[in-house]
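Please examine the sequence and the three-dimensional structure shown below. The explanation then leads through selected helix contacts, aromatic pairs and individual residues.

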Amino acid sequence: MEPQEPVKREGRLTLVLALATLIAAFGSSFQYGYNVAAINSPSGFMKEFYNETYYDRIGEYMSEFSLTLLWSVSVSMFPFGGFIGSLMVGPMVNNLGRKGTLLFNNIFSIVPAILMGCSKVAQSFEMIIVSRLLVGICAGLSSNVVPMYLGELAPKNLRGALGVVPQLFITVGILVAQIFGLRNLLANEEGWPILLGLTGIPAALQLLFLPFFPESPRYLLIQKKDEAAAKNALRRLRGWDDVDAEIEEIREEDKAEKAAGFISVLRLFRMRSLRWQVVSTVVLMGGQQLSGVNAIYYYADQIYLSAGVREQDVQFVTAGTGAVNVLMTAVAIFVVELLGRRFLLLLGFSICFTACCVLTAALALQETISWMPYLSIVCVICYVIGHALGPSPIPALFITEIFLQSSRPAAYMVGGSVHWLSNFTVGLIFPFIQVGLGAYCFIIFAVICLLTTIYIFLVVPETKSKTFIEINQIFTKMNKVSEVHPEKELKDFASATVGL
């Protein structure tokens, strides 16, 4: 690390870095949030459209069961597409680069936006189902590639703050969809195709502006072996000419894993030197989705109604909850470098655990104690605040930090798959858990929050202001190996590959 000593500079937020972050996050992460929420408000009108279309074709209406099944397929196609998108991450970022993948990914947003916008005119609900799958692929790719791209563009002292920006835009996407989804705006019989089709606008803007911004310098130097392009990208991002210290640091990373080559998902699971990184990724991504965040949103309307909020006003209260989510994620951007990743994860999951416990008691007692419904609302808001501070934004940023270049794409494939499969599972199973357990369903989520908190406390290190190599050296000790990628382990893999 000696060559870095002469020029030690704190990275700053240059205009190029700020705009690249905003365009990448608005064009991609926004889509994820928008499409999560856009389908909720107009669901009644859309089901009516499904039924009318079926009647026009067959001459009779669908049975209640068929309509419910068709609607659940429409909703769940999104997380299923997200899972497929996650599986595409590795091959795409290695072949097209980080920026190239984001540009290509806009196809999976613009095409379905056109299809959804035209579905009513074309009298085809199949177009909506196919579109949900495609836009899910877009979200699956963007939820993994944007944090990777921004994590590799950012200097180490800003990596945390910029790594939280994608999550901020996911929450902004949810809020915008909730606002446009108000009954007197677009969640009505004429407006819902426009509401669904608007998702193409951020993608079109990204397609227009992102080509003017740099590719990841790490990708250019390590994978493309193009030092001149990497230096040029760093100069534009940092706003100064002398980038030799940072180039040297990237070279150190390259040297530390020179023999590793491209690490596949299968190999990722079998490498002892990456054991705790992989386990931490699975626990954090699983904990993020299985901690009940989607269930809280699902349950929120009923909680608000039982607290005496009028039915026509629930949509405004829900949008208010979305605004709290945006605000707290924005707070996370400013405190992540101050308080650190580990602290925010511990704080966030602890708040979620407490909120789930108190919410269970409040829901169980709300018939007997008059002020319990109000306590339920406080619990929902506290839960949203807790999740927005740590569990929502930190896990994706963490994957960028704990893996080196050769294993990062495979790690995002694993993390993304866990994220989307957990999301899909909660969406599918929660209604049944809710019927079976009622208010006590939140005990399950409380247990998951508690277990995740304990794991973070015992295993997850702080990564704030450390280089990728320094972080991996912490895990080297935890994995009880001598170096980042021990030579013996790599030789074993080489011989195993030859044997195949």
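The paragraphs that follow treat helix packing, then aromatic rings, then two single residues.

The model is predicted, and its local features are reported only where pLDDT is at least 70. Two packed helices are described by the angle between their axes and the distance between the axes. Helix α6, which spans residues 159–180, serves as the starting point. Its packing against helix α15 (residues 314–339) has an angle of about 170 degrees, with the two axes 8 Å apart. Because angles over 145 degrees count as roughly antiparallel, α6 and α15 are roughly antiparallel to each other. On the α6 side, the residues in this contact include Val164, Leu168, Val172 and Leu175. On the α15 side, the partners include Ala319, Ala323, Val326, Ala330 and Ile333. Sorted by class, the contact of α6 with α15 comprises 13 nonpolar, eight polar and two charged residues.

Helix α6 also meets helix α18, which covers residues 394–402. The axes of α6 and α18 come within 8 Å and cross at roughly 130 degrees. With that angle, α6 is oblique to α18. The crossing of these two helices is right-handed. Arg159, Gly160, Gly163 and Val164 of α6 are in contact with Ile394, Leu397 and Glu401 of α18. By class, three nonpolar, two polar and two charged residues make up the contact of α6 with α18. Arg159, Gly160 and Val164 are also among the α6 residues that meet α15.

The next topic is the aromatic rings. How many aromatic pairs does a search of the whole structure find? The search yields 14 aromatic pairs. One pair involves Phe26 and Phe169, whose ring centres are 6.3 Å apart and whose planes stand at 65 degrees. Planes over 60 degrees apart count as edge-to-face, so the pair of Phe26 and Phe169 is edge-to-face. Phe26 belongs to helix α1 (residues 15–37) and Phe169 to helix α6, so the pair ties together parts that are 143 residues apart in sequence. Phe26 is partly exposed, with a relative accessible area of 29%, whereas Phe169 counts as buried at 13% relative accessibility.

Helix α1 also holds Phe30 and Tyr34, four residues apart, about one turn of the helix. Their ring centres are 5.9 Å apart and their planes lie at 20 degrees, so the pair is stacked. Phe30 is buried at 7% relative accessibility, and Tyr34 is buried with a relative accessible area of 2%. Elsewhere, Phe49, Tyr50, Trp71, Phe125 and Trp192 form one aromatic cluster.

Two single residues complete the account. Leu134 is found in helix α5, which spans residues 125–153. Leaving aside neighbours within four places in sequence, Leu134 is in contact with Phe108, Val111, Pro112 and Leu115. The C-alpha atoms of Leu134 and Phe80 are separated by 9.7 Å, and these residues are 54 residues apart along the chain.

Thr467 lies in the loop between α20 (441–459) and α21 (468–478). Is Thr467 buried or exposed? Thr467 has a relative accessible area of 2% and is therefore buried. With neighbours within four places in sequence left aside, Thr467 is in contact with Lys156 and Glu249.

Terms used. Residues numbered from 1 in each chain as written. Predicted model: local features only at pLDDT ≥ 70, side-chain atom pairs only at ≥ 80, totals over all residues. Heavy atoms only, no water. Axes fitted to C-alpha atoms, helices over the stretch in contact; angles between N-to-C directions. Parallel < 35°, antiparallel > 145°, perpendicular 65-115°, else oblique. Left-handed = near helix turned anticlockwise from the far one by under 90°. Contact = heavy atoms within 4.5 Å. Nonpolar A, V, L, I, M, F, W, Y, C, P; charged D, E, K, R; others polar. Phe/Tyr/Trp six-rings, centres within 6.5 Å; stacked < 30°, edge-to-face > 60°. Buried < 20%, exposed > 50% of the residue type's maximum accessible area, 1.4 Å probe, protein only.
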